[in-house]
Amino acid sequence: MSGEKYTTSNRFIHPNDHRTVTAKKKSKTINKAERWQDVDVHELAQLEINQRLSTDEKVRLYTDMVRIRRFEGRSLRSYQAGKIGGFLHLYEGQEAVAVGTISLLGADDHVITAYRVHGHAIAVGMDPKPMMAEMYGKYTGCAKGKGGSMHMFAPDKNFWGGHGIVGGQIPLGTGLAFALKYQGKKGCCLAYMGDGAINQGAVHEAYNLAALWNLPVIFIIENNAYSMGTSQERSSAFPDCLAQRAEAYGMEWDTVNGNILYDVRAKTYEAIKRAHDESRPTVLEIFTYRYRGHSVADANAEKYRSKDEIIDYKDNKDPITLLRKQFIEEGVLTEEQAKEIDKAANEEANEAAEFAEKSPFPPAESILDDSYWSSDNKGQDPEIDELNQGRFVFEDGGIFDK
Amino acid sequence: MPLITYRQAVKDALAEEIARDPNVFVMGEEVAQYNGAYKVTEGLWDKFGDKRLVDAPISEAGFVGLGIGASMLGLRPVMEFMFWSFCYVAFDQLLNNGSFCRYMSGGLMNIPIVVRGPANGGTNVGATHSHTPENLCANHPGIKVVCPSNAYDAKGLMKTAIRDNDPVFVMESTVLYGQKWEVPEEEYLIPMGKANILKEGKDISLIAHGRAAITSLEAAGILAEKYDIDAEVIDLRSIRPLDVETILASVKKTNRVVYIEENKPFCGVGAQIASIIQDEAFDHLDAPVKRVSAIDAPQIYSMPLEKIQIPDAARIVKKALEIC
């Protein structure tokens, strides 16, 4: 490898390392790996894909980002109060990614993501009440208390989870794209992962399949700079950026500023067009930042990075603040409206928590439901029952004993 | 009734279901242009083309995951493992996504996928290629596991599996692929969870799954001929669901059981069956439930020794005589 593109000075680009990288940039030509750093929100606003947004739609997008932030804040309080079990992976700081990308989707476009799922779930239109109830382990939860914080699904909204194992959802998303192509539909699948997932074998197998078979899938790396507590430079080998690995498979790729909604929309739109019109995959690396730890249980969130880094993000790069400024400048939003939106989002999150609190836990017998289609639908079709005889359950804990 | 090979029976099932349902496709390594590593799919690519027979690169996790994703949107993929031994590199896809996605979504989605291929030892390919993971897979609620022991069952169970709305893992046997059985020309389906009584008997129950059922039948012949023992032979056909009713009825009749499998013994299928029998038919037992399985070491390569490692009729007879 040769040339300035591969100089060591910009080898490890962190979202938090903006100044260093800019200072050491040698070329006037911005290379693709750094494209995201130099986006001009006013130029982006002029793009057709952003111009086409009506005032109402813009307010809706802003509102959704605020709703995610408040939902996550409320979830954290419930978690700290011991109402939510297990892990809680919060999306605060990354809101523009889910909202921006999902705002472009049509009837035959699909979404699948990992365990940091609440932002995508709200962006696709899931109701926060059953989401919160799911985290509380309640029967009114979106999965009746069977999935929890990491596993939320809404097939009626083309939303396929919510998956717990790093990178494991990427072959699934590739399969959703395969099915769309098989069925002759003009659609695509957005398959999200974190920057840590990029080193999983399953991700590379999926990359190869998508490129080999020209599948309409968009692999979205939400690069929040840390795979749990390990920074990129300690976990990933790369010359310029993670998305560049797409080149090994002959896939198109780009980098995106995840703090600027307009940039998320602009570059995702290009990828969606490629998927819809040419049935070709894309890798997008969206630089973003999570304010909280990997999960709430990640007590070291402030040990592997400085407090200043977090404060710098909140003060200067926060996607919601930046969008509010932009929309106020455009005359789409007023400070007063923004406050109303925030208040309503808070209320919605509180109502979700109240709903969750008041909801019942699932009955013990429900442990056995939803494992097999054929068991859940017993008695509906004698032909299917005939083909599914015998014992399916080998221990019921006595929950059916009178 | 025509005699056809186990291989042909599986192929006929695939061809009939591909023709019947446009959502059915077969994917795996060498399944299309190469005609199948074990020729199970021979001629299907010529007949049905690229869309329905898809050659996958050597990426079991990738293509099995892809199949599961595709099944969520209503396709009915039939994924071939060249050997079930290769499932280990796809475990997360098979046993997290395949088995649990429906459950974790609260029943909102279905995974109507079939994963099939041979799962057997006995071909001198060493430990890595001789796995029998039916017990491992059946340990995951959400998965159905079938182990056809003959051509008739292979066809009928395969068709049932493809039409089923849950993930079904079909474990075949390369040792059986070339053997012939009578298979009717007219269409039939075989239920999962319905054992097949290969031979009625009154003195002892030899219960088995997969190829071990055939070995058990051979052992029953020896028991009758040499020892005047009338053994009942039951082929479970499917591990999960499990035909507990037929097992218990047989125990109540014979009061003696040997469970035979080519799997390793620890946490094997026989352990589960023995547990059920002692729990639900204890008073009907005149002897402990005995088990015959592969000898408990990684599968050995050496030809004569691998023959010893896998249960044969003599070992079954010997074990049966211990309790008769």
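This report covers the contact between chain A and chain B and the domain layout of both chains. The model is predicted.

**The A–B interface**

In this model, 47 residues of chain A are in contact with 61 residues of chain B. The two chains bury about 4,400 Å² between them. Carbon and sulfur atoms account for 64% of that area. On the chain A side, A:Tyr182, A:Leu387 and A:Arg391 supply 17% of the area buried against chain B. No other three residues give more.

Two salt bridges link chain A and chain B. One of the pairs is A:Asp376 with B:Arg102, with N to O at 2.4 Å. Polar contacts join 26 residue pairs across this interface, with both residues at pLDDT 80 or more.

Four helices of chain A each give at least two residues to the side that touches chain B: H8 (169-182), H9 (201-212), H15 (373-376) and H16 (382-387). H8(A) has the largest share, nine residues. By class, the chain A side holds 24 nonpolar, 15 polar and eight charged residues.

**Domains**

The domain assignment splits chain A into domain 1 (4-358) and domain 2 (371-402). Chain B is assigned domain 1 (3-182) and domain 2 (196-323).

| Chain | Domain 1 | Domain 2 | Distance between C-alpha centres |
|---|---|---|---|
| Chain A | 4-358 | 371-402 | 40 Å |
| Chain B | 3-182 | 196-323 | 26 Å |

**Inside chain B**

The contact between the two domains of chain B takes 27 residues from domain 1 and 25 residues from domain 2. About 2,000 Å² is buried between these domains. Carbon and sulfur atoms give 53% of it.

Which residues form a salt bridge here? B:Arg237 pairs with B:Asp153, and their closest N and O atoms are 3.0 Å apart. The count across this domain interface is one salt bridge. Polar contacts add 14 residue pairs between domain 1 and domain 2 of chain B, again with both residues at pLDDT 80 or more.

On the domain 1 side, three elements of chain B give two or more residues: helix H5 (134-138), strand E6 (144-146) and helix H6 (151-163). The residues of that side divide into 13 nonpolar, eleven polar and three charged.

Definitions and conventions. Residues numbered from 1 in each chain as written. Chains lettered and ligands numbered in written order. Predicted model: local features only at pLDDT ≥ 70, side-chain atom pairs only at ≥ 80, totals over all residues. Heavy atoms only, no water. Contact = heavy atoms within 4.5 Å. Buried area = accessible area lost by both parts, 1.4 Å probe. Salt bridge = Lys/Arg side-chain N within 4 Å of Asp/Glu carboxyl O. Polar contact = N/O pair within 3.5 Å; in protein donor to acceptor, adjacent residues only side chain to side chain. Nonpolar A, V, L, I, M, F, W, Y, C, P; charged D, E, K, R; others polar. Domains from an automatic or database assignment.
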